[in-house]
Amino acid sequence: MYQFSYADVQSTSVADAKDRERDLLTRSIDMLSAAAAAGQHSMEAVEALHFTNRVWTTFVEDLGSSDNALPKELRANLISIGLWLLREAEDIRQGRTDNFEGLIEVSQIIRDGIQ
């Protein structure tokens, strides 16, 4: 009985974590979309880039953890994507590009792939 209850809690916890990840990515996407509309030097851009940076820094740290249960190759691929997103966000912040659309599209693909 206790093992069954623990398994339920564990699977619910994983589902909840995936929901939170999707929610964070959706929020980041929405903020980036608003920033693209408002302009690269807007307060919306500052807030969106900061939030996106926090989300992806956390994701990359988690993916790099030996406790992460995802397959090693998938983790490595996601880390590479996360590092690209972080670099691209910094390039936008520094005025070297205004590629909000790239950040949005890649974030949507990652969000939609979380199952």
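Q: What order do the elements of the chain follow from the N terminus on?
A: They run α-α-α-α. The chain has four helices and zero strands. Both words refer to DSSP runs, numbered from the N terminus: a helix is H or I over at least four residues, and a strand is E over at least two. Keep in mind that this is a predicted model, where local features need pLDDT of at least 70, side-chain atom pairs count only at pLDDT 80 or more, and totals for chains, interfaces and linings use all residues. Residues are numbered from 1 along each chain as its sequence is written, and side-chain values use heavy atoms, with hydrogens and water left out.

Q: How do you know that the length of helix 4 agrees with its number of residues?
A: Take its 14 residues at 1.5 Å a residue and you expect a span of 20 Å. (The expected span is 1.5 Å times one less than the number of residues.) The end C-alpha atoms of helix 4 are 20 Å apart, so the two values agree.

Q: Why does Leu103 count as buried?
A: Buried means under 20% relative accessible area, exposed means over 50%, and partly exposed is in between (1.4 Å probe, protein chains only). Leu103 has 0% relative accessibility, so it counts as buried. This residue lies in helix 4 (residues 100–113). The other buried residues of that helix include Phe100, Ile104 and Arg111.

Q: What is Leu103 in contact with, leaving aside its neighbours within four places in sequence?
A: Leu32, Leu49, Trp84, Leu85, Glu88, Ala89 and Ile92. Contact here means heavy atoms within 4.5 Å. Leu103 and Leu85 are 18 residues apart along the chain, and 6.3 Å separates their C-alpha atoms.

Q: What makes a group of residues a nonpolar core?
A: You need buried Ala, Val, Leu, Ile, Met, Phe, Trp, Tyr and Cys residues joined through side-chain atoms within 4.5 Å. The largest such core here has 24 residues, and Leu25, Leu32, Leu49, Val55, Trp56, Phe100 and Leu103 touch the most other members. Helix 1 (2–38), helix 2 (43–63), helix 3 (72–93) and helix 4 each give two or more residues to this core. Helix 2 gives the most, with nine residues. In soluble globular proteins, nonpolar side chains tend to be buried together.

Q: Thr52 and Ser107: why do these two count as buried or exposed?
A: Thr52 has a relative accessible area of 1%, so it is buried. Ser107 has 0%, so it is buried too. Thr52 lies in helix 2 and is in contact with Ser28 and Leu32, leaving aside neighbours within four places in sequence. Ser107 lies in helix 4, and with the same neighbours left aside it is in contact with Leu25, Ile29, Trp56 and Leu85.

Q: And what about Asn77: why is it called partly exposed?
A: Its relative accessibility is 43%, so it counts as partly exposed. Asn77 has its place in helix 3. Asn77 and Leu63 are 14 residues apart in sequence, with their C-alpha atoms 9.8 Å apart in space.

Q: Why are helix 2 and helix 3 called roughly antiparallel?
A: They pack at an angle of about 155 degrees, with axes 9 Å apart. Angles over 145 degrees count as roughly antiparallel, under 35 as roughly parallel, 65 to 115 as roughly perpendicular and the rest as oblique. That makes helix 2 roughly antiparallel to helix 3. (Axes are lines fitted to C-alpha atoms, for helices over the stretch in contact, and angles run from 0 to 180 degrees between N-to-C directions.) Residues that meet here include Leu49 and Trp56 in helix 2, and Leu85 and Ala89 in helix 3.

Q: What makes helix 3 and helix 4 roughly antiparallel?
A: Their angle is about 155 degrees, with axes 10 Å apart. They are therefore roughly antiparallel to each other. Among the residues that meet are Trp84 and Leu85 in helix 3, and Leu103 and Ser107 in helix 4.

Q: Which word fits the angle between helix 2 and helix 4?
A: These two pack at about 40 degrees, with axes 13 Å apart. An angle of about 40 degrees belongs to the rest, so this pair counts as oblique. Helix 2 passes helix 4 in a left-handed crossing (the near helix is turned anticlockwise from the far one by less than a right angle). Ala45, Leu49 and Trp56 of helix 2 make the contact with Phe100, Leu103, Ser107 and Ile110 of helix 4.
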